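Please open the structure in your viewer and keep the selection tool at hand. The tour proceeds by short stops, each giving a selection and an account of what is found there.

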Amino acid sequence: MIFTETALKGSFVIEPELLEDERGFFARTWSEREFAEHGLDPRGAECNTSFNKSKGTLRGMHYQSPPYEQAKMVRCTMGAIYDVIVDLREDSPTFTKWFAVELLATNRLMLYVPKGFAHGFQTLDERTEVYYQMSEIYVPNCSGGVRWNDPAFAIDWPPDERTIAFRDMNYPDFGGSGGAFDISLTREK
């Protein structure tokens with residue numbers, strides 16, 4: 001696997017190295033040893049799939065708060081997504097900065113999302129499927145999010161018409177309390 005760190009410290013775009021022959025190819029998409037060598041959380045507690053019927057489906061920006069923070073590895077297995085992460089680590093030099101990459105079934109790229117980041121995506125094709133591998137189990141009362149269009153982040157989303165869940169449209173402003181972020185404001189009740 002080829003690990004390329006993004007501008008947000010600790011997050012990586014991961015490209016599988018294809019071993020090709022007349023039959024097709026073989027590629028490793030997960031290695032506990034290689035993840036650990038790059039300082040990434042190699043634990044895999046859960047795997048999930050998200051199927052999205054329509055182009056323009058936006059899911060996010062989600063995270064889990066301590067003690068159940070999740071590192072994620074995300075891959076698009078069918079269709080295409082515009083995958084976005086936001087650094088919510090207050091002690092980080094890239095606090096509130098975002099990064100986006102197009103993950104396509106055809107490019108096979110993956111995005112490693114460290115703990116302390118919010119994650120979301122917008123589908124670029126109809127019938128798009130996304131695969132997630134998480135370092136921690138899902139705990140509903142630690143689940144939270146930030147609004148996808150919050151001016152504190154100014155994420156540049158694709159211009160498509162969007163389908164967004166009520167919850168994702170209605171997270172409060174990130175900087176609503178003097179710029180300090182209170183994680184309890186955005187937890188799901």
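Begin with Val 74 and Tyr 132: Tyr 132, in strand S12, is the bridge partner of Val 74. Please note from the outset that this is a predicted model.

**The strands around the starting pair**

Extend the selection to residues 72–78, which make up strand S7, and to residues 128–134, which make up strand S12. These two strands run antiparallel and are joined by six bridges.

Next, display the whole sheet to which S7 and S12 belong. This open sheet has six strands, and reading across it gives the order S1-S2-S10-S7-S12-S5. The pairing is antiparallel. At the edges, select residues 2–5 for strand S1 and residues 46–52 for strand S5. Each of these edge strands pairs on one side only. If the view is rotated, one may also consider how neighbouring strands are set: on average they are turned by 25° against each other, direction ignored.

**Glu 15 in strand S2**

Now select residues 12–15, which form strand S2, and highlight Glu 15 within that strand. Is Glu 15 buried or exposed? The residue has a relative accessibility of 38% and therefore counts as partly exposed, since that class lies between the limits of 20% and 50%.

Show the surroundings of Glu 15 as well. Leaving aside residues up to four places away in sequence, Glu 15 touches Met 1, Ile 2 and Leu 109. The contact with Leu 109 deserves a distance label: the C-alpha atoms of Glu 15 and Leu 109 are 4.9 Å apart, although 94 residues separate them in sequence.

**The aromatic residues**

For the final stop, display the aromatic side chains. How many aromatic pairs does a search of the whole structure find? The search finds eight.

Select Phe 3 and Phe 12. Their ring centres are 6.2 Å apart and their planes stand at 80°, so the pair is edge-to-face; an angle over 60 degrees places a pair in that class. Phe 3 and Phe 12 are both buried.

Keep Phe 3 selected and add Phe 35. These rings also form an edge-to-face pair, with 5.4 Å from centre to centre and 80° between the planes. This pair links distant parts of the chain, as Phe 3 is in strand S1 and Phe 35 is in helix H1 (residues 32–37), 32 residues apart. Both Phe 3 and Phe 35 are buried.

Finally, add Trp 30 and Tyr 112 to the selection. Together with Phe 3, Phe 12 and Phe 35, they form one aromatic cluster.

Technical notes
Residues numbered from 1 in each chain as written. Predicted model: local features only at pLDDT ≥ 70, side-chain atom pairs only at ≥ 80, totals over all residues. Heavy atoms only, no water. Pairing = 2+ DSSP bridges. Helix = DSSP H or I, 4+ residues; strand = E, 2+ residues; numbered from the N terminus. Axes fitted to C-alpha atoms, helices over the stretch in contact; angles between N-to-C directions. Buried < 20%, exposed > 50% of the residue type's maximum accessible area, 1.4 Å probe, protein only. Contact = heavy atoms within 4.5 Å. Phe/Tyr/Trp six-rings, centres within 6.5 Å; stacked < 30°, edge-to-face > 60°.
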